[in-house]
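Here is a walk through one protein chain, taken a few residues at a time. Keep the sequence and the 3D view side by side as you read.

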Amino acid sequence: MGFVFGLVIGIVVGLALVVGLVKLENRRSKLRSQLATTVAAFARMTVEDSRKLLPPDYYPSWVVFSQRQKLKWLNSHLTKIWPYVNEAASELIKASVEPILEQYTPVILSSIKFSKFTLGTVAPQFTGVSVIEGGGDSITMELEMQWDGNPSIILAIKTLLGVALPVQVKDIGFTGVFRLIFKPLVDEFPCFGAVCFSLREKKNLDFKLKVVGGDISTIPGLQDQLEGTIRDAIEDSITWPVRKVIPILPGDYSDLELKPVGILEVKLVQAKELTNKDIVGKSDPYALLYVRPLKDRMKKSRTINNDLSPIWNEHFEFVVEDESTQHLVVKVFDDEGIGASELIGCAHVQLSELQPGKVKDVWLKLVKSLEVQRDNKNRGQVHLELLYVPYGMDNGFVNPFTPNFSMTSLEKVLKSGANGIDATESEKEAAQKKKEVIIRGVLSVTVISAEDLPPVDLMGKADPYVVLTLKKSETRNKTRVVNESLNPVWNQTFDFVVEDGLHDMLILEVYDHDTFGKDYMGRCILTLTRVILEGEYKDSLLLDGAKSGKLNIQLKWMPQPIFRDS
């Protein structure tokens with residue numbers, strides 16, 4: 001009986017184990033099938049699908065959604081034909097860059113030339129391609145390229161003392177994006193008249209310099225000078241908007257060549273809340289501005305000593321060759337005297353964001369690097385006024401002191417077209433007159449009221465008044481004191497005689513009156529550009545340097561233009 005009972009129990013347990021194993025296997029098979037379905041769905045998922053699943057804030061800064069397609073087939077063929085491409089490309093690059101090298105020869109050298117130039121045996125790798133939407137008469141392609149080559153490049157340099165030195169350029173690492181423009185499209189094979197090529201974006205360029213048979217460091221400053229010369233030559237010879245035009249079919253392709261299209265006028269107003277780079281005292285900030293990073297096109301402001309909220313109020317002009325792709329870069333440095341300046345932060349503005357003929361007032365947040373997409377550290381802000389004026393533009397700005405002239409430039413008011421006259425014609429007239437306009441007039445400032453001022457007194461109140469200063473002439477006025485109020489009303493008007501409106505600015509500082517002194521509460525800084533252009537306006541200005549509060553003012557401009565011989 002016990003044997004039969006044990007046999008039954010064994011059969012039941014065995015069947016249970018078999019059934020359990022079968023169910024477990026079926027469950028695992030179902031999970032594998034679901035996982036395979038999920039993986040297949042992710043494989044079919046596009047960039048747009050991923051963006052719908054997660055907003056951009058959830059991705060780390062190193063995640064970049066590329067719009068470029070892979071080019072394995074091109075890399076395979078390029079490797080095969082590279083020996084022939086190397087020979088042709090070496091001659092083309094040498095012919096393009098060598099004249100520019102001579103142009104940027106450092107002062108310590110008398111000449112720079114290539115004694116040898118080949119790109120080596122390692123072909124570059126194209127990592128992606130994209131087609132840019134453009135007009136109907138052209139096709140624009142952008143090719144992303146990486147190259148860690150083994151070129152043989154030797155520079156023959158000669159010092160002012162007549163000493164010849166062969167300098168080798170080695171260990172080149174390059175990443176960038178090349179742009180190809182096929183234009184115009186025609187009905188004749190190969191269906192386009194010319195090809196333009198340019199280095200659209202230079203992401204990374206590393207190289208080393210070595211004197212053949214010697215040490216380059218034996219000549220102080222030579223390495224830095226040569227490296228800067230090479231980078232400037234590349235920037236000025238092939239980097240966008242510079243482009244090389246190769247005619248394919250007979251025709252006139254002068255419209256494809258690089259030409260200035262307008263002027264960007266920049267007023268560097270001020271900065272605030274800059275990071276302090278000094279251990280003792282405060283930073284000594286200055287700004288470097290450029291559209292193209294060439295030495296002769298960079299503009300440098302003056303240095304403001306020991307100030308983290310400097311006021312520059314300086315004006316600069318830049319030539320624009322392509323407003324759709326170029327941008328203005330602003331870098332703020334701490335001047336270290338004889339030592340190397342330390343970067344506080346940088347920012348940039350796309351020129352495509354500017355409306356031609358309209359002044360744009362912007363505050364730009366400074367970041368550590370323009371390559372970093374998100375920088376949460378507060379490095380300060382910089383204040384700019386921007387005006388982009390295309391050549392020959394007849395815009396809607398009316399000159400504030402004569403209705404017969406249209407204003408297209410903040411600095412050269414009468415050099416724009418009158419009633420649609422071309423800009424070059426009016427420039428000739430201005431040159432014949434040999435006079436320039438000083439925007440002189442009377443600025444009427446009404447301090448209306450303030451709101452939500454921060455409490456300063458022990459009782460949670462303040463006794464505020466406003467000091468008005470015209471910076472260039474240092475003319476000052478001040479309102480009456482309003483006792484025990486965080487929302488004072490003044491309604492006081494002050495007139496200032498302005499000698500040079502485009503280069504002056506108004507500073508309004510709010511103080512708390514005390515029996516034995518005064519407490520600073522905050523300030524507002526205004527250029528006179530807007531009131532000169534609009535004639536009169538009201539505005540509410542947030543107080544800088546205060547936890548809260550704003551100032552309500554009204555400005556009115558009464559022009560009295562004068563001329564002086566230039």
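E321 is buried, with a relative accessible area of 7%. The cut-off for that word is a value under 20%. R292 is buried as well, at 4% relative accessibility. These two residues form a salt bridge, and their closest N and O atoms are 3.6 Å apart. The pair links distant parts of the chain. R292 sits in the loop between β9 and β10, while E321 sits in the loop between β11 (311-320) and β12. In sequence they are 29 residues apart. Keep in mind that this is a predicted model.

Step back to the whole chain. It has 566 residues, and buried residues make up 42% of them. There are six helices and 25 strands. The chain exposes about 31,400 Å², with carbon and sulfur atoms supplying 56% of that area. Now take the contacts between residues at least 6 apart in sequence. Of these, 65% join residues at least 24 apart.

Return to the strands beside that first salt bridge. In what order do the four strands of the open sheet run? The order is β10-β9-β12-β13, and the pairing is antiparallel. The edge strands are β10 (299-300) and β13 (342-350), each of which pairs on one side only. Look next at β9 (residues 285-290) and β12 (residues 327-334). Six bridges join them. Y290 stands opposite V329 in β12. In a regular strand the side chains alternate between the two faces of the sheet.

Move along to β15, residues 381-390. This strand is mostly covered, since eight of its ten residues are buried. It has β8 (residues 262-272) as a partner, in the antiparallel sense, over ten bridges. It also pairs with β14 (residues 360-365), antiparallel again, through six bridges. V382 of β15 shows both pairings. A271 has V382 as its bridge partner. L364 stands opposite V382 too.

Other salt bridges are worth finding. A search of the whole structure finds 16 of them. In one, the side chains of R179 and E142 meet, at 2.7 Å from N to O. R179 lies in strand β5 (residues 164-185) and E142 in strand β3 (residues 139-148), 37 residues apart. Buried or exposed, which are R179 and E142? Both are buried.

The side chains of E451 and K550 meet in another salt bridge, at 3.9 Å from N to O. E451 lies in strand β17 (residues 441-451) and K550 in strand β24 (residues 550-559), so this salt bridge ties together parts that are 99 residues apart in sequence. E451 is partly exposed, with a relative accessible area of 32%. K550 is also partly exposed, at 29%. Salt bridges can share partners as well: in this way E142, R179 and R200 are joined into one network.

Now turn to L109, in strand β1 (residues 109-118). At 5% relative accessibility, L109 counts as buried. What is L109 in contact with, leaving aside its neighbours within four places in sequence? The list is I157, K158, T159, L160, L222 and L226. L161 offers a distance to check. L109 and L161 are 52 residues apart in sequence, and their C-alpha atoms are 8.5 Å apart in space.

Go next to helix α1, which covers residues 2-44 and holds I9. I9 is partly exposed, with a relative accessible area of 41%. Together with F5, V13 and L17, I9 makes a nonpolar surface patch of about 400 Å².

Last come the cysteines. How many disulfides does the count give? It comes to zero, by the rule that two cysteine sulfur atoms must lie within 2.5 Å. Two cysteines can be set side by side. C346 is buried, with a relative accessible area of 3%. C191, in contrast, is partly exposed, at 42%.

How values were computed:
Residues numbered from 1 in each chain as written. Predicted model: local features only at pLDDT ≥ 70, side-chain atom pairs only at ≥ 80, totals over all residues. Heavy atoms only, no water. Buried < 20%, exposed > 50% of the residue type's maximum accessible area, 1.4 Å probe, protein only. Pairing = 2+ DSSP bridges. Helix = DSSP H or I, 4+ residues; strand = E, 2+ residues; numbered from the N terminus. Patch = residues over 30% accessible without salt bridge, like charges linked within 9 Å, V, L, I, M, F, W, Y side chains within 5 Å. Areas by Shrake-Rupley, 256 points an atom, 1.4 Å probe, with all protein chains shown as cover. Salt bridge = Lys/Arg side-chain N within 4 Å of Asp/Glu carboxyl O. Contact = heavy atoms within 4.5 Å.
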